[in-house]
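Below are my comments on the model, set out as numbered points. Please read them with the structure open.

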Amino acid sequence: MSQVQHRILLVDDEPNLRKVLGALLKQLGFEVHAENDGAAALARVRTAPPGTFDVVITDLRMPNLDGMGLLKALQVHEPGLPVILLTAHGSIDSAVEAVKLGAFDYLEKPFDKDQIHQIVQKAIATRERSGPSITPAPPPGEIADPCAAAGMVGRSPSMQTIREIVGTVAASPSTVLIAGESGTGKELVARALHLGSSRRSQPFIKVNCAAIPGGLVESELFGHERGAFTGAVSSRAGRFELADGGTLFLDEVSEIPKEIQVKLLRAIQESEFERVGGVKTLHVNVRLIAATNRNLDELIRDGQFREDLYYRLNVVPVHLPALRERLEDLPFLVSHFVQRCNERLGKSVQGLTPAALAALERYPWPGNIRELENLMERMVLFASGPWIDEDDLPDAYAGEVGGGAPAAAESSARLTEPGDRQIRLPLSSLGQDLKEAVKAGSRLVEEALIREALAKTDGNVTRSARALGISRRSLQSKMKELGLRESPDDGGPKGPPPQPAS
């Protein structure tokens, strides 16, 4: 049993099923709460604090409020709450339809313990990653700015170009291939294309191809029949079926195994496929959008990606620039994330000071917009005042030269060891030198490095910590251990000089 018990809300009008399935879920380590119909379950969720339940497992057919009605109501009240449907063999079509409308998955009676555990754990993991991969369909009707509705932010020339492409291509059925580094917002462009199309009221199904084990990719995309392979205890619809009438977004499409690429190519060209282990040909109407952070031309040359599939995907290419290539958008992105974090965290941060914003503009942003979003959440969460200043930023972001040591640190630092042997090291490499010194147990070298860093930065503890590659708190702790104390005016360390080793 796991240390943290996740809460499951079990809803079924059959007492025996509630008892048996509830006992099974408890054996698997879950905390189970049960209701006998959808209306009672909805009332319980509404009166409980948001996030009380991690997963809802509900029967499809019940009096008062059935499973489909409960699903729709929960999508309004708590959109991120995964709903798993219980269904008999004769009502699988209804369950599949419910999954298209936003249910996380379905369980076919009679139940298999391993299957239940797998699906519930997957739902919980999806919940903890801030939302299911199947997005509830927005209401029908025109959307004036699908890019804004999808959460795209920016006024740089490159972003204006992407907005124009979305406006031109969204209404067409053409396949789009979005390229760009990780964290640049490829999924937002895919959502904007979906919201700007006539399919906006139909499902938007996202598949992270990199997160699926190679042996399960075919089953995830195209579904499988019962008994098709070990563990296939029931038939399951694939993502192509679930996206019928809507949009299928294949993120990190380059990770699809080459042997599955042939079947994917056929599904795109012919809009048809067979489930794994099935003989019936299924026809779907799906608009495909793919994304990759890798160079597909290189993968084709290396024999890892099919050239014919590349041409089928690359009908409309869209390239998303890295954040360091569109720094004029940084103030707008910062404002957007601060406002969003204020709403979610109940804070009232006004924003960043000019000095803090200037520091962020010098940072190279290897993690792109995703890294910026995470940083802003951390800053807003721990902010003690209305403004976030440069001193509040983590050391990696506050350096005067994009995430590295201060510019003045290009000069070399002189270190003196026993025997008056002098060595010169660039101060920009002091972080690694300090770590190696500590690893080697050389207290003398460690102390000399700290003294030299403080001397080079005129006793500024904050800048010295950045140059050494450690936090200010760690440096202060080291100074205390070594008998070095800060002066009241932070003008440099006070204490006895280093003594030669005995």
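**Notes on the predicted model**

1. Strand β4 (residues 83-87) is largely enclosed by the rest of the structure, because five of its five residues are buried. The model is a predicted one, and the points below should be read accordingly.

2. The side chains of β4 deserve a look from both faces. In a regular strand, side chains alternate between the two faces of the sheet. Here V83, L85 and T87 point one way, while I84 and L86 point the other way, and all are buried.

3. On one pairing, β4 runs parallel to β3, and four bridges join the two strands. Between β3 and β4 the chain passes through helix α3 (residues 67-77), and this β-α-β crossover is right-handed.

4. β4 also pairs with strand β5 (residues 105-108), again through four bridges and in parallel. L86 of β4 has L107 as its bridge partner in β5. In β3, the residue that stands opposite L86 is D59.

5. D59 belongs to strand β3 (residues 55-59). In an unreviewed entry, UniProt lists D59 for "modified residue: 4-aspartylphosphate". I would keep the status of that entry in view when citing the annotation.

6. Is D59 buried or exposed in the model? Its relative accessible area is 6%, so D59 is buried, the cut-off being under 20%. Leaving aside neighbours within four places in sequence, D59 is in contact with V11, D12, D13, G67, L86 and K109. Of these contacts, L86 is the residue that stands opposite D59 in β4, and G67 falls within the range of helix α3 (residues 67-77).

7. Two packed helices are described by the angle between their axes and the distance between the axes. For helix α2 (residues 38-47) and α3, the axes come within 10 Å and cross at roughly 10°. α2 is therefore roughly parallel to α3. The residues making the contact are G38, A41, L42, V45 and R46 on the α2 side, and L70, A73, L74 and H77 on the α3 side.

8. E35 lies in strand β2 (residues 31-35). With a relative accessibility of 18%, E35 counts as buried because the cut-off is under 20%. Not counting residues up to four places away in sequence, E35 touches L9, L10, V11, D12, R18, A40, A41 and R44.

9. Points 6 and 8 can be read together. V11 and D12 are among the residues in contact with D59, and V11 and D12 are also among those that E35 touches. A41, another residue touched by E35, takes part in the contact of α2 with α3.

Conventions. Residues are numbered from 1 along each chain as its sequence is written. This is a predicted model: local features need pLDDT of at least 70, side-chain atom pairs count only at pLDDT 80 or more; totals for chains, interfaces and linings use all residues. Side-chain values use heavy atoms; hydrogens and water are left out. UniProt positions are given in the numbering used here, feature names are shortened, and annotations may be inferred rather than shown by experiment. Buried means under 20% relative accessible area, exposed over 50%, partly exposed in between (1.4 Å probe, protein chains only). Contact means heavy atoms within 4.5 Å. Two strands pair if DSSP finds at least two bridges between them. A crossover is right-handed if, with the strands pointing away from the viewer, the path from the first strand over the helix to the second runs clockwise. Axes are lines fitted to C-alpha atoms, for helices over the stretch in contact, and angles run from 0 to 180 degrees between N-to-C directions. Angles under 35 degrees count as roughly parallel, over 145 as roughly antiparallel, 65 to 115 as roughly perpendicular and the rest as oblique.
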